[in-house]
Amino acid sequence: MSTATVEAAKPLSPLAVRLNEHLKAQTPTGAPTLADRCDSCPQPARSVFMFSVAPDPDGTGAEAGGVYLCAHHIRRHIGALIGDRALLSFWVEPVELSHFDGVDAPRHNAHKSGDGLTDA
Ligand SMILES: [Zn+2]
């Protein structure tokens, strides 16, 4: 007789598996800065997805470009973005992935307790 819970037996979605693997390997390097904004709205960027692009000799000649998304737009678009063949790399604030079923991400940022102004 199995003692596994129903939840443990539930298979993870391919998206959840991919995001879990990504979070294990993700380092703080590559995170958007506080000045970066979502490409779809005025909210702060919480993720960046780097895509290969054909370099334009009349442009910057860059071979990669980033798509910056806020928390709301991560949830809306991450499935399509990480399935794109031109995706080179991506960085996502881990707490923003806690809304996805099966993704092992922290529910809250590890903020200091208190009001942020004092040590209380
Ligand atoms: Zn947004």
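**View 1. The largest nonpolar core of this predicted model has 13 residues.** Among its members, L69, C70, I74 and V92 touch the most other members. Helix α3 and strand β3 each supply at least two residues of this core. Strand β3 gives the most, with three residues. In soluble globular proteins, nonpolar side chains tend to be buried together.

**View 2. I74 and its contacts.** Residue I74 belongs to the largest nonpolar core and is one of the members that touch the most others. Which residues does I74 touch, leaving aside those up to four places away in sequence? They are R46, S47, L69, V92 and E96. Of these contacts, L69 and V92 also rank with I74 among the core residues that touch the most other members.

**View 3. Helix α3 covers residues 71-82.** The helix has twelve residues. At 1.5 Å a residue, α3 should span 16 Å. Its end C-alpha atoms are 16 Å apart, so the expected and modelled spans agree.

**View 4. The buried side of α3.** The buried residues of this helix are H73, I74 and I78. They cover an arc of only 125° around the axis, which means that they sit on the same side of α3. Why can residues three or four places apart point the same way? An α-helix has 3.6 residues a turn, so such residues share a direction. The buried residues of α3 pack against three strands: β1 (47-52), β2 (64-69) and β3 (87-92).

**View 5. The open sheet has three strands in the order β2-β1-β3.** Pairing is antiparallel. The edge strands are β2 and β3, and each pairs on one side only. On average, neighbouring strands of this sheet are turned by 15° against each other, direction ignored.

**View 6. Strands β1 and β2 run antiparallel.** How many bridges join β1 to β2? There are six bridges. At this pairing, S47 stands opposite L69 in β2. Both residues reappear in the helix view: I74 touches S47 and L69. L69 is also one of the core residues with the most contacts to other members.

**View 7. Strands β1 and β3 pair in the antiparallel sense.** Five bridges join them. Which residue of β3 is the bridge partner of F49? That partner is F90. M50 stands opposite S89 in β3. Strand β3 is an edge strand of the sheet, and it gives the most residues to the largest nonpolar core.

Technical notes:
Residues numbered from 1 in each chain as written. Predicted model: local features only at pLDDT ≥ 70, side-chain atom pairs only at ≥ 80, totals over all residues. Helix = DSSP H or I, 4+ residues; strand = E, 2+ residues; numbered from the N terminus. Expected span 1.5 Å × (residues − 1). Buried ≥ 20, exposed ≤ 12 C-beta atoms within 10 Å, placed from the backbone. Arc of directions from axis to C-beta. Contact = placed C-beta atoms within 7 Å. Pairing = 2+ DSSP bridges. Axes fitted to C-alpha atoms, helices over the stretch in contact; angles between N-to-C directions. Core = buried A, V, L, I, M, F, W, Y, C linked by C-beta atoms within 7 Å.
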